[in-house]
Structures are given as C-alpha cells and as structure tokens.
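Please open the model in your viewer and keep the selection panel at hand. The tour below moves from stop to stop, saying at each one what to select and what is found there.

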Amino acid sequence: MTLPEKVYVVDHHRLVRQLDTSFPRAAFAGATLDRLFTGGDFDALDPAVADRILRFNRELLDCDCDARPYCGHPEEKLCRWILEERLDGRSPEAIVDAMRVTYHLYAYPADVVNFLDDAIRRLDALADLAEVNGDDAQARLAADLGHGLERGNHPS
Ligand SMILES: [Zn+2]
C-alpha cells in the first residue's frame, strides 16, 4: 500500500455521526472524497474542523481533471506537501501533527518514515541512473534532494 492509502480522517466516527452520512475512515477512498471532502453543509461541525476539511478541498482537490477527485492528483499533492514539510525540518511525528491541524488527517509516524525512506531510495536510484547517463546536473539535483530529505533541510 502507498502512503495515501494509509492516511485517515481524524475523528471519523464523530464526523459520520455529525454529518449523518457514511464514508470510510480512509481519507482517499472514493466515498470519503465524495461525501466529505468535495464539500457540503458543515454547519453541524466544529468550525475549526470544518475549516480543515474545506482546506483539503481547496488545496488538494483544486485540479480541473474530468476524473476529479479520482485523478490521483489529490494523493500526489498530499505526498508533495509531506515532502515539503520534511524539507522544512519537521520530524515524522511533527508532520503527523501538522497533517492533523492542516487537513484533519492522520497517519502513523512509522508509515511516514517508510514513505520518506522510499522517496530517498528512489532519489538515490535516480541520481545513479543520471550519473550513468552522464547527466551530472540531474544527478546532483536528485542527490541533493535525497540528502535534504534525509537531514530535513532544503538543498542548498
Ligand atoms: Zn486531477
């Protein structure tokens, strides 16, 4: 399973009860995107929670694809957001906390660690490949980004 499949809605049971509907706990499941994140009437919710859900809608579901919200871009945008948080110096635990207050989502820190490790491995492989192909600039870019994710800071 990829990381987005292991990202969940915070307080799922309470939301289902307050909104009087049903959707799974998995944030990127079709019914969750349809019934929670594509909008609706959130008057029954705590305003702070409603804000987070609307932010998910605004920032992760903002593409114009015909297949939206099933086009894969929402998942991709969350992955990019996590990588940016890491480059900004946040630990996996801090990223999980930030995910909660930003988008009302949570994941297990161990899954975030695996996701970051996997990204670093891919960048290493990309750097090696670029080097074999004689593309030094590309190799350096991938290597620097990998180091940035490892150390938690932006490539210089
Ligand atoms: Zn899209």
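What follows is a walk through a predicted model, stop by stop.

**The zinc site**

Begin by selecting the zinc ion together with its protein donors, which are Cys63 through SG, Cys65 through SG, Cys71 through SG and His73 through ND1, lying 1.9 to 2.3 Å from the ion. Along the chain, these donors follow the spacing C-x1-C-x5-C-x1-H. If you display the angles at the ion, you will find that the four donor atoms subtend 98 to 123 degrees, and the arrangement is therefore tetrahedral, since four donors count as such if all angles lie between 85 and 135 degrees.

Now colour two of the cysteines by accessibility. Cysteine 63 has a relative accessible area of 14% and is buried, whereas cysteine 71, at 24% relative accessibility, counts as partly exposed; the cut-off that matters here is that buried means under 20%.

**Glutamate 85 in helix α4**

Next, select helix α4, which covers residues 73–87, and centre the view on glutamate 85, which lies in this helix. Is glutamate 85 buried or exposed? Its relative accessible area is 10%, so glutamate 85 is buried. Leaving aside residues up to four places away in sequence, glutamate 85 touches Arg90, Ile95 and Ala98, and showing these three side by side with the glutamate gives a picture of its surroundings.

**The largest pocket**

Turn on a pocket or surface display and find the largest pocket, in which about 310 Å³ of space lies. Of the 15 residues that line this pocket, the closest to its centre are Cys79, Phe115, Asp118, Ala119 and Arg122, which make a convenient selection. The elements giving two or more residues to the lining are α4 and α6, and the largest share, seven residues, comes from α6.

**Helix α7**

Finally, select helix α7, residues 136–151, and draw a distance between its end C-alpha atoms. At 1.5 Å a residue, the 16 residues of α7 should span 22 Å, and the end C-alpha atoms are indeed 22 Å apart, which agrees. Which residues of α7 are buried? They are Ala139, Ala142, Gly146, Gly148 and Leu149, and these buried residues pack against α4 (73–87) and α6 (109–132), so keep both helices displayed alongside α7. Just past the end of the helix, α7 is followed by glycine 152, whose phi is positive, near 75 degrees.

Note on methods. Residues numbered from 1 in each chain as written. Predicted model: local features only at pLDDT ≥ 70, side-chain atom pairs only at ≥ 80, totals over all residues. Heavy atoms only, no water. Helix = DSSP H or I, 4+ residues; strand = E, 2+ residues; numbered from the N terminus. Expected span 1.5 Å × (residues − 1). Buried < 20%, exposed > 50% of the residue type's maximum accessible area, 1.4 Å probe, protein only. Contact = heavy atoms within 4.5 Å. Donors = N, O, S within 2.8 Å, 3.2 Å for Na, K, Ca; no water. Tetrahedral: all angles 85-135°; square planar, octahedral: opposite > 155°, others 65-115°. 1 Å grid on protein atoms, 1.4 Å probe; cavity = no way out; pocket = protein on both sides within 12 Å on 5 of 7 lines; lining within 4 Å. Points joined across faces, edges and corners; volume = space filled by probe spheres on them.
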